[in-house]
Each structure stands twice: as structure tokens, then as C-alpha cells.
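Student: Please guide me through this model by question and answer. I should like each answer to end on the value or name requested.

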Amino acid sequence: EEDEFDLEDFQIESVPELLNSDIRPPEPLITYDGRSLLHEGTSQLAAKPKIGKTNLAMNMGLAIASEGGKALGKAEVQRHGRVLMLNLDGSRRGSYDRFQTMTANDPDGAPDRFDILHDEFPKVGDGALGLLKDYCTEYPDTELIIVDTLQHLRPTSDGRRNVYHEDYEFVHPIAELGRKTDTSILLVHHLNKIQNGDELDKVSGSTGLTGAVENVMILDRARGETKAQLSIRPREDREEDFDLEFDGQVQTWIVGDQPTPSTPEREEVWNVLRSADGAMRLKEIAKEVGKESNAVSNLLDGLKTTDQMPIEKVGRGKYEAV
């Protein structure tokens, strides 16, 4: 027997009513070079273990909780406010050491609007969402909640249900809490050991995890290297990639300048290659820009070697923006 509902309980709008409503456009929390680095809403930050995702999340949180200063060395903070971090994978000693290093050169010291919790926290379905809602109610200036790591909030599974449905129903209420409290949430997560297929397939779990959030962030760094790439894949904004470099002295990531083509001719070739769905043959690029293949080959060489654009040659006469 179906539950009884009244249509008056639902908000039904015509398209003109929706278009004439006063809906605030999304505002990023952190930007760099005019590009959104940390979006509003619920984001999932995924990386391999021991790559530096906790440092990245902490630095963003410290910048938002402080009155001024930069995030990741150079990035602009657009929305300041209170931050709560559930550091469920870390220890108080580890957090102390990180914060002491990260804030040592800050003239204002450590921000008092950054709260951190290390105790075991209830799981989703056992009280986690209620406690987070209570926190946002008590501190209405809360801008960001960091969960490190997401796995600690996952309910126990009996293994009988569809994995996609389980993943989606686990994360969707967290994202819904963020929307209802107007609070952004950063869920720290892991990548799969096998890194084949689509970029979002690299995130551990089913597509239910990535489908339930507004933004997916992937931090990719070769072990032992100081440089990394942060890929931002939002649902309702353009995709972005940021070059990062880890500074061990301040225990944080520093965002680097985005390489750009140095001439209009190179930019034209780069735009064609970047917009392509996969690799393109040299003749195809030449046809798109209306130039001879030899000229385009020289432009590609300049883009790769001089301008340091992320271009790879993936076979005989085939190029791809990476």
C-alpha cells in the first residue's frame, strides 16, 4: 500500500517561475588565476595513500578559517568562515605538528575558527548527520566541513545490496546536509589501485560515490616527487587542472602558474587539441586550423618544448592534450 502524499507538500513551479526566481549563483570558496580551485557544495578529494591529501585539505581549511592570507601559497579565498575537520585518520600529535609548521609564519597565528576532532565519530545512519547539523546550527558561520577520510562514516554493509545504490545512498545525505545548511563539505577519499579507464573510474568505489557529489578532485603525484596535478571535475562548471608543488618547509602544497601558449598561432592549435575527444592526427589538426602539416608540426613542437603545454605524442603522427 502506497504512502499518502498531498501535492501541496511539494514545490511545483512553471519554467517562467523558476527562471524569474532569485537563485544565487554558485560562489567558489577558493580561486586561482580566475579559476575555481575549491567549489561550493560537496566535493570529493581522492588520492593514493600518503600522497598529501590531508595537508591539502588542512591548508584550504586554514585559509578559509583565517581573516586573510592565501590558500596554497597564491590562491584567493572568496569565502571566509568557520571550518570543522573530522580528522578521523590522524592523531592529535600529527595534527599538532602539521598546524605548528603551517601557521609558523602567519602573523595572525592559528585561526580560532578552525575546529578539529580526532575522536571516533558515528557513521551515517547512526547519528553523524545529526551531529554535523547541530554543529552548523550552533555555528551558522560554518563554511567548510572536512571529513578525512570518508570511509569512517560508511555504514556497515551486509553485502547483499547493489553497490552503486549503497554508495549513492551513503554519500547523497551528506551532500544534502551541505545544501540544506549552506555549508560546503570536502570528503577525503582514496583512489583505486588500478588506474585504468575514465578519470572518475579511478576513484575507489562505484560511480555512486562520485555521482552523489557536486565536484570531484583528484590529486595525482608520483611517489617521491614534489610536483603533482590537481584535477577538478565539477558537475556544473568547467573542468580545470592545477599544477602543485609540495613545500616541505611549510608542509603544504603551492599552486603553480598555468602554462599558456606564447603566440596566437600556437593558441589556435592548442584550443583545437584541447577540445578534441582523445588524440588527433597531425593532418586533422592542420585541417582544423587551415595550415600545412609541417607548420602545425612546428607549432606543436613549440607548444610542448617552449611553452610547456601538456601535450603528448601518442603514436605516429598523433597528439593529445593531457
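Student: How many bridges join strand β1 to β4?

Tutor: Strand β1 (residues 30-32) and β4 run antiparallel. Helices (H or I, at least four residues) and strands (E, at least two) are DSSP runs numbered from the N terminus, and two strands pair if DSSP finds at least two bridges between them. The number of bridges joining β1 to β4 is 2.

Student: What kind of model is this, and which limits apply?

Tutor: Residues are numbered from 1 along each chain as its sequence is written, and side-chain values use heavy atoms, with hydrogens and water left out. Local features need pLDDT of at least 70, side-chain atom pairs count only at pLDDT 80 or more, and totals for chains, interfaces and linings use all residues; the model is predicted.

Student: Which residue of β4 stands opposite I30, and which strands are at the edges of that sheet?

Tutor: I30 stands opposite V77 in β4. The open sheet has the order β2-β1-β4 with antiparallel pairing. Two of its strands pair on one side only, and these edge strands are β2 (35-38) and β4 (76-77).

Student: At about what angle to β2 does α2 run?

Tutor: Helix α2 lies across β1, β2 and β4, where contact means heavy atoms within 4.5 Å. Axes are lines fitted to C-alpha atoms, for helices over the stretch in contact, and angles run from 0 to 180 degrees between N-to-C directions. On this basis α2 runs to β2 at about 105°.

Student: How many residues of α2 are buried?

Tutor: A residue is buried at under 20% relative accessible area, exposed at over 50%, and partly exposed in between (1.4 Å probe, protein chains only). Helix α2 is largely enclosed by the rest of the structure, because its buried residues number 13 of the 13.

Student: How many residues does α2 give to the largest nonpolar core?

Tutor: A nonpolar core is a set of buried Ala, Val, Leu, Ile, Met, Phe, Trp, Tyr and Cys residues joined through side-chain atoms within 4.5 Å. The largest has 38 residues, of which I30, L37, L38, L56, L219 and L230 touch the most other members. The element that gives the most to this core is α2, and its share is 8 residues.

Student: Which residues are included in the second core?

Tutor: This core is separate and has 27 residues. In soluble globular proteins, nonpolar side chains tend to be buried together. Residues included in the second core are V124, Y135, L150 and L187.

Student: Which strands stand at the edges of the sheet of 9 strands?

Tutor: This open sheet has mixed pairing and the order β6-β5-β7-β8-β3-β9-β10-β11-β12. Its twist averages 20° from one strand to the next. Two strands have a single partner each, so one side of each is left without a neighbour in the sheet: β6 (114-117) and β12 (252-255).

Student: Within that sheet, which residue of β8 is the bridge partner of I145?

Tutor: Strand β7 (residues 142-148) pairs with β8 (residues 184-190) in the parallel sense over 5 bridges. Helix α5 (residues 163-181) lies across β3 (42-47) and β8, at about 155° to β8. In β8, the partner of I145 is I185.

Student: Which residue takes a positive phi in the hairpin of β11 and β12?

Tutor: Strand β11 (residues 240-247) and β12 run antiparallel and are joined by 4 bridges, with F246 facing its bridge partner W253 in β12. The hairpin has 4 residues between the strands, and a positive phi near 55° is taken by Q251.

Student: Why do the buried residues of α9 line one face of the helix, and which exposed residues are on the face turned away?

Tutor: The buried residues of α9 (residues 293-305) are V296, L299, L300, G302 and L303. Seen down the axis, they fall within an arc of 160°, so they line one face; the arc is that of the directions from the helix axis to the C-beta atoms. They pack against α7 (264-275), α8 (282-289), β14 (311-313) and β15 (318-321). The face of α9 turned away from this buried side carries the exposed residues N294 and N298.

Student: Is A110 buried or exposed?

Tutor: A110 is placed in the loop between α3 (92-102) and β6. F99 is 11 residues from A110 in sequence, and their C-alpha atoms are 7.7 Å apart. Because its relative accessibility is 54%, A110 counts as exposed.

Notes: Expected span 1.5 Å × (residues − 1).
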